[in-house]
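Here's a quick tour of the charged contacts and the main pocket in this one. Have the viewer open while you read.

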Amino acid sequence: AFGVLPPLTRGMDAILLGGEDAGSEVRVTMPEAEAEARAVEVEVGLEMGGGARFDVTETFRGADAAVWRQQLENVPAAELEDVFDQAYVSRLLPGAHTTSLRITGREDPEMDVTLHYEFEVDELGREVRDVRLLPALFPTLLTPSYARLPERHMTQVIGDDLAIDATVRLHTPSGTTLGTLPDEERIEGPEGALAIWAIRAIDGGAIIERSVRVPRMRVTPAAYPELARFCRAVDEVESFEVRVEM
């Protein structure tokens, strides 16, 4: 997209073409990972029968915002909600149905792209003996992205920083209680990769917070097991099922 440098060109040496400084060697700008961090805010209202309503705000910055603008460019306004429902929301949770959608920054390349949408599901998680087990919501899923193979024989390139901050506020029905909640988890990975996951009880529910950072890096075959360990550990922590005793 115009005005956004592809991630793989960032931080690389370049030669200026044109102008008084033509032929000069420069270094392509490398934005800080925090400048392009993705933010996710989720409100979940669980109903006694197992259904749930979601109110979600996702904010994309920099290259991610450019990608979203590009994807939305050819979608007619009249079809936007249906396309978003089928291509995005239905993949977040099986059976999810969008009830409202508002997008800001779609037309302005200088703005972040913010998706504010609401959806509902008839049943969230599964019920076992009057206990509803809620699945991981908006998981990062690092293993499918970075560590799908049992081992590697060639160097792997992670060409762009991953920075995600997510907060999920769970509101449970009156009269229900939460099962035991685990302690905060802090998982460190190669080249400064870091994930922090925490859940705490509040009046009427719980708050789940996570922060994940994976920097640009080259991963040699010898270093790949450490990356795979980090990814799998993060995915395992995020897969925690919240127990709601109905």
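## Salt bridges overall

There are 15 salt bridges in the structure. Keep in mind that this is a predicted model, so everything below is computed from predicted coordinates.

## A contact between two loops

Start with R61 and D112, which pair up in a salt bridge whose closest N and O atoms sit 3.6 Å apart. R61 is in the loop between β4 (52-60) and α1 (62-72), while D112 is in the loop between β5 (97-104) and β6 (113-121), so this salt bridge ties together parts that are 51 residues apart in sequence.

Buried or exposed, where does R61 fall? R61 comes out at 24% relative accessibility, so it counts as partly exposed. D112 has 32% relative accessibility, and therefore counts as partly exposed as well.

## A link across 115 residues

Next up is the salt bridge between the side chains of E241 and R126, at 3.1 Å from N to O. This pair joins distant parts of the chain: E241 belongs to the loop between α4 (224-238) and β16 (242-245), R126 belongs to strand β7 (residues 126-128), and the two are 115 residues apart.

On the accessibility side, E241 is partly exposed with a relative accessible area of 30%. R126 is partly exposed too, at 41% relative accessibility.

## A buried arginine and a small network

R132 and E127 form another salt bridge, with 3.2 Å between the closest N and O atoms. Here the two partners fall into separate classes: R132 has a relative accessible area of 1%, so it is buried, whereas E127 has 45% and is partly exposed.

Salt bridges also come as a network here, one that links E41, E43 and R169.

## The largest pocket

Now for the pocket. The largest one has a volume of about 940 Å³. Its lining takes in 38 residues, and those closest to the centre are R38, F60, T140, L162 and I164.

Which elements supply at least two residues each to that lining? They are β4, α1, α2 (80-92), α3 (142-146) and β10 (162-171). The most comes from α1, which gives 5 residues to the lining.

What about the chemistry of the pocket wall? The lining residues split into 23 nonpolar, 12 charged and 3 polar.

Notes: Residues numbered from 1 in each chain as written. Predicted model: local features only at pLDDT ≥ 70, side-chain atom pairs only at ≥ 80, totals over all residues. Heavy atoms only, no water. Salt bridge = Lys/Arg side-chain N within 4 Å of Asp/Glu carboxyl O. Helix = DSSP H or I, 4+ residues; strand = E, 2+ residues; numbered from the N terminus. Buried < 20%, exposed > 50% of the residue type's maximum accessible area, 1.4 Å probe, protein only. 1 Å grid on protein atoms, 1.4 Å probe; cavity = no way out; pocket = protein on both sides within 12 Å on 5 of 7 lines; lining within 4 Å. Points joined across faces, edges and corners; volume = space filled by probe spheres on them. Nonpolar A, V, L, I, M, F, W, Y, C, P; charged D, E, K, R; others polar.
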